[in-house]
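Colleague: I am new to this structure and would like a close look at one part of it. Please pick a single strand, go through it slowly, and then work outward to the rest.

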Amino acid sequence: MPASSSSSRSSARNGSSRKTLLACAAVAVAAVTMGLVSWQATAPDKAPGRSPAAAEPQAAGSGSGAGAELAKLARREGGDKLALGRADAPVVLIEYSDFKCGYCGKFARDTEPELIRKYVDDGTLRIEWRNFPIFGAESEAAAKAAWAAGQQDRFRRFHEAAYAPGAKEKGFGEPRLLELAREAGVPDLERFRQDMNGEAAAAALEKDREEGYRIGVSSTPSFLVGGQPVAGAQPFGTFAAAIDRAAAKARATAGAGAGAGR
């Protein structure tokens, strides 16, 4: 076989491999960029005098199907102790939050209770929590403690205690976390202490945090409502509009599926 022919084929193969690698890299960069742009598009405007209510949720990578991919992040696990609402609810709101985040606390106190009354209680909405600590060691400790409280069915009460006015200013050292667990009615405090310092809590935290990083979350609170990004502690009306759109879409999809089955 002529050396020149072998060399040509080898060069062609190498060129093809380089093109494949470049194509994969381009897809990866596009995916990351799409996520970041989508979160930024819904972020509250920080300019003085501007209301965050002006930020309107937008589809991630509009027209690309990325919203449907993000919607698949909803776990819908019946045994998820950090979730609230029916596993088969038509709309899932995923929240990426940090217990030391002031705006996360504002959402927890001012907006979430109303969402629960209007949408969770009637079966429309499921809220899935993701620990996304970004403020250092105490943030991570609080995240693990919340998970540990959840193992004894006290996540929501721990969540409420940790986000109460002035709670984060007291810090989240272990004695304080045990105090919050008592306040939340955690029945077995020794088990709670072991759980929050155990490998399972660390693994659950890393799973949540890696998910957030993978889709471009860089600040808290950040949300997905039916796969559509909403950034920041937006007013109730912003979330209500996003939930209503997602619910209408879910009903239309279900109706189309029923019609096709006839």
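**Strand 3 and what surrounds it**

Modeller: Strand 3 is largely enclosed by the rest of the structure, because seven of its seven residues are buried. The model is a predicted one, and what follows describes that prediction.

The strand covers residues 125-131. In a regular strand the side chains alternate between the two faces of the sheet. Here, L125, I127, W129 and N131 lie on one side of strand 3, while R126, E128 and R130 lie on the other. Every residue in both sets is buried, which leaves both faces of the strand covered.

Next come the neighbours in the sheet. Strands of a sheet pair through backbone hydrogen bonds, either parallel or antiparallel. Strand 3 has a partner of each kind: it runs parallel to strand 2 and antiparallel to strand 1. The pairing with strand 2 has seven bridges, and the pairing with strand 1 (residues 83-84) has two. On the strand 1 side, I127 of strand 3 stands opposite L84. On the strand 2 side, three pairs can be named. L125 in strand 3 is the bridge partner of V91, R126 in strand 3 stands opposite V92, and R130 in strand 3 is the bridge partner of Y96.

Strand 2 (residues 91-97) is itself mostly covered, with seven buried residues out of seven. V91, L93, E95 and S97 point one way from strand 2, V92, I94 and Y96 point the other way, and each of these residues is buried. Besides strand 3, strand 2 pairs with strand 4 (residues 222-225). That pairing is antiparallel and has four bridges; within it, L93 stands opposite V225 of strand 4.

Put together, the strands form an open sheet of five with the order 1-3-2-4-5 and mixed pairing. Strand 1 and strand 5 (228-231) stand at its edges with a single partner strand each, so one side of each has no neighbour in the sheet. Helix 3 packs on this sheet and touches strand 1, strand 2, strand 3 and strand 4. The direction of helix 3 makes about 155° with that of strand 3. Helix 3 (residues 102-120) also belongs, with strand 2 and strand 3, to a right-handed β-α-β unit.

Away from the sheet, two helix pairs can be described in the same plain way. The first is helix 4 (residues 137-150) with helix 7 (residues 189-196), whose axes come within 8 Å and cross at roughly 135°. At that angle helix 4 counts as oblique to helix 7. The crossing of helix 4 past helix 7 is right-handed. In this pair K144, A145, W147, A148 and A149 of helix 4 meet F192, D195 and M196 of helix 7.

The second pair is helix 5 (residues 155-162) with helix 6 (residues 174-183), which pack at an angle of about 120° with their axes 8 Å apart. Helix 5 is therefore oblique to helix 6. Helix 5 passes helix 6 in a right-handed crossing. R157, F158, A161 and A162 make the contact from helix 5, and L177, L180, A181 and E183 make it from helix 6.

One residue in helix 9 (residues 236-260) also deserves mention, namely K249. K249 counts as exposed because its relative accessibility is 56%. Although K249 and P90 are 159 residues apart in sequence, their C-alpha atoms are 9.2 Å apart in space.

Last, the chain as a whole. The protein chain has nine helices and five strands. Read from the N terminus, its elements follow the order α-α-β-β-α-β-α-α-α-α-α-β-β-α. Of its 262 residues, 42% are buried. Taking contacts between residues at least 6 apart in sequence, 76% join residues at least 24 apart.

To return to the starting point, strand 3 is joined to strand 2 by seven bridges and to strand 1 by two, and helix 3 touches strand 3 as part of its packing on the sheet.

Note on methods. Residues are numbered from 1 along each chain as its sequence is written. This is a predicted model: local features need pLDDT of at least 70, side-chain atom pairs count only at pLDDT 80 or more; totals for chains, interfaces and linings use all residues. Side-chain values use heavy atoms; hydrogens and water are left out. Buried means under 20% relative accessible area, exposed over 50%, partly exposed in between (1.4 Å probe, protein chains only). Two strands pair if DSSP finds at least two bridges between them. A crossover is right-handed if, with the strands pointing away from the viewer, the path from the first strand over the helix to the second runs clockwise. Axes are lines fitted to C-alpha atoms, for helices over the stretch in contact, and angles run from 0 to 180 degrees between N-to-C directions. Angles under 35 degrees count as roughly parallel, over 145 as roughly antiparallel, 65 to 115 as roughly perpendicular and the rest as oblique. A crossing is left-handed if the near helix is turned anticlockwise from the far one by less than a right angle, and right-handed if clockwise. Contact means heavy atoms within 4.5 Å.
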